[in-house]
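Please open the structure in a viewer and keep the selection panel at hand. The tour below proceeds stop by stop, naming what to select and what is found there.

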Amino acid sequence: MNLDFQISRYVPGILALAAFALIPGCGGAAAQTFNDTYTFCSQANCSDGNYAASPLIADASGDFFGTTALGGDGGWGVIFELVPDGNGGYTYSRLHSFCGQANCTDGSDPVAGLILDTSGNLYGTTKFGGSQNGGTAFELVRSGGKTNFRVLHSFCAQGASCADGSNPVYDGLTYRGAANGAPYDGASALYGTTIYGGENNGGFSGVVFELKPVTGRRRWREHVLYDFCTQTNCADGSQPYNGLLADNRGHLFGVTFGGGGNSDGTIFELSKKSGHWTETVLYSFCTTANCPDGRNPESPLTTDSSGNLFGTATAGGGQDGGVLFKLVPKGTNSKYSALYGFCSQTNCTDGQNPMGRVAVDGSGNIFGTTVAGGDPGVNRGVAFELGGGSLQVLHTFCQGGDCNDGAFPVGGVILDPSGNVFGTTSEGGSHSDGVVFEIGAAR
């Protein structure tokens, strides 16, 4: 499977959680072991899925859940679960295969991750499918060993410009309390973004939306909280490729790929006052020549226990290999720092083009992945840790050209309580269709 084809299909950008993402008390985890927890397309016709582009989530029992953008019975993606088998391995189960309904009205191409509620039900989004092929938001109810799938909203339901938004991409849905690892209560508002749709720029700038269950009725209502490109030259941002981070106050934080003061993307905040949502641009990328602070962010934000925000910009930095950044959110007085510029080492052995959510442990160490760099002869990405101002490569994917360990880790990483790093790759593995991987913490 060709990366250029896949990335251009799913992420038309530079190259194209939840419960374990913040672990109090975890020390820095220097890699000792690498393991392919699961190899996709292990079943006939890839009925178990392939091209895993989303982050994983985990429940309190250590079961993992995720999506693949392709594969399944119709070839348009699956929801899967990995359960520890008690012997150091995991047992795979497919929970849903997309495009099982005529014209894919149940959705297709689920490139986003999932969230979990207190009853064990799963929620997420698809990029395509639905009644208008603008993507869907969905719920998968799990009860008594059975599953029941239902669409909560089909995007692009409001005319040609898709005023309600169109094509949600990475990182899916969030809710108040998600940043602290609390499961979703199943009743409060869900929040997300779409890359396209909205009232401005011909429907090509995207929106922030809210989904809420209608009291006393078995349906949900979608409401647009903000249309991007409202300001001249899209100074407020355009095309949010990723989902949102909700803090304890209910404020929403995210990034846009384009727009901003320099047309190279923004970090933004949405806050609700007197019943109305207001957007504040906290930072515009590429503030000086050659963009040493980064440009075109495509990864979602994560937070530490102090409320600082962390993320990556896919490009920019000293060698245009992307940056890892920190932002202390204080409205228009927010403080931005570029923590590391990738491709700083010869032949970009430290990685290039970071993508996917980063994870921060209780000691302030930051873990993540890049989709390029690493082995100079192969260029399939790395997993990294930044601690004490120094970056360490934990694993180089496809080193020496043998890609059985996976290639192109698009979805980012999470940490378990022991400091082990888990993630997915979109390609590689023994069937060349992606893997779930684990990098063991140093003991």
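A disulfide is taken here as a pair of cysteine sulfur atoms within 2.5 Å. The model on display is a predicted one, and it holds seven disulfides.

**First stop: disulfides**

Select Cys99 and Cys104, which are joined by a disulfide with an S to S distance of 1.7 Å. The torsion about their S-S bond is about -55°, so this disulfide is left-handed. How buried or exposed is Cys99? With 19% relative accessibility, Cys99 counts as buried, because the term covers residues under 20% relative accessible area. Its partner Cys104 is buried as well, at 14%.

Move next to Cys41 and Cys46, whose sulfur atoms are 1.7 Å apart in a disulfide. The link of Cys41 and Cys46 is left-handed, with -65° about the S-S bond. Cys41 counts as buried at 13% relative accessibility, and Cys46 counts as buried at 14%.

Then select Cys398 and Cys403, where a disulfide has an S to S distance of 1.5 Å. The torsion about the S-S bond of Cys398 and Cys403 is about -40°, so the disulfide is left-handed. Cys398 has a relative accessible area of 1% and is buried.

**Second stop: salt bridges**

Side chains of opposite charge can pair when their charged atoms come close. The structure has seven salt bridges, and three are visited here, beginning with Arg94 and Asp73, whose closest N and O atoms are 2.9 Å apart. This pair links distant parts of the chain, 21 residues apart: Arg94 is in strand S6 (residues 90–97), while Asp73 is in the loop between strand S4 (64–68) and strand S5 (78–84). Arg94 counts as partly exposed at 33% relative accessibility, whereas Asp73 counts as exposed at 62%.

Now select Asp171 and Arg357, a salt bridge in which the closest N and O atoms are 2.5 Å apart. Asp171 lies in the loop between strand S10 (146–154) and strand S11 (190–194), and Arg357 in the loop between strand S22 (352–354) and strand S23 (359–361), so the pair ties together parts that are 186 residues apart in sequence. Both Asp171 and Arg357 are buried.

Proceed to Asp247 and Arg249, which form a salt bridge with closest N and O atoms 2.8 Å apart. Asp247 counts as buried at 17% relative accessibility, but Arg249 counts as exposed at 51%. Add Glu269 to the selection: salt bridges that share partners join Asp247, Arg249 and Glu269 into one network.

**Third stop: a charged patch**

Show the surface and select Lys212, Arg217, Arg219, Arg221 and Lys272, which gather there in a patch of positive charge. Of these residues, Lys272 can be located in strand S16 (residues 266–273).

**Last stop: a loop and a strand**

Go to the loop between strand S17 (276–284) and S18, where Asn290 has its place. Phi of Asn290 is near 70°, a positive value in a residue other than glycine. Asn296 is found in the loop between S17 and S18 too, and its phi, near 55°, is also positive. Which of the two words, buried or exposed, applies to Asn296? Asn296 is buried, with a relative accessible area of 6%, whereas Asn290 is exposed at 72%.

Finally, select Thr303 in strand S18 (residues 302–303). Thr303 counts as buried at 11% relative accessibility. The C-alpha atoms of Thr303 and Ala246 are separated by 9.8 Å, with their positions 57 residues apart along the chain.

Definitions and conventions
Residues are numbered from 1 along each chain as its sequence is written. This is a predicted model: local features need pLDDT of at least 70, side-chain atom pairs count only at pLDDT 80 or more; totals for chains, interfaces and linings use all residues. Side-chain values use heavy atoms; hydrogens and water are left out. Patches are made of residues with over 30% relative accessible area and no salt bridge: like charges are joined within 9 Å, nonpolar side chains (Val, Leu, Ile, Met, Phe, Trp, Tyr) within 5 Å. Accessible areas come from the Shrake-Rupley method with a 1.4 Å probe; for residues, only the protein chains shown count as cover. A salt bridge is a side-chain nitrogen of Lys or Arg within 4 Å of a carboxyl oxygen of Asp or Glu. Lys and Arg count as positive and Asp and Glu as negative; His and the chain ends are not counted. The place of a charge is taken as NZ of Lys, CZ of Arg, CG of Asp or CD of Glu. Helices (H or I, at least four residues) and strands (E, at least two) are DSSP runs, numbered from the N terminus. Buried means under 20% relative accessible area, exposed over 50%, partly exposed in between (1.4 Å probe, protein chains only).
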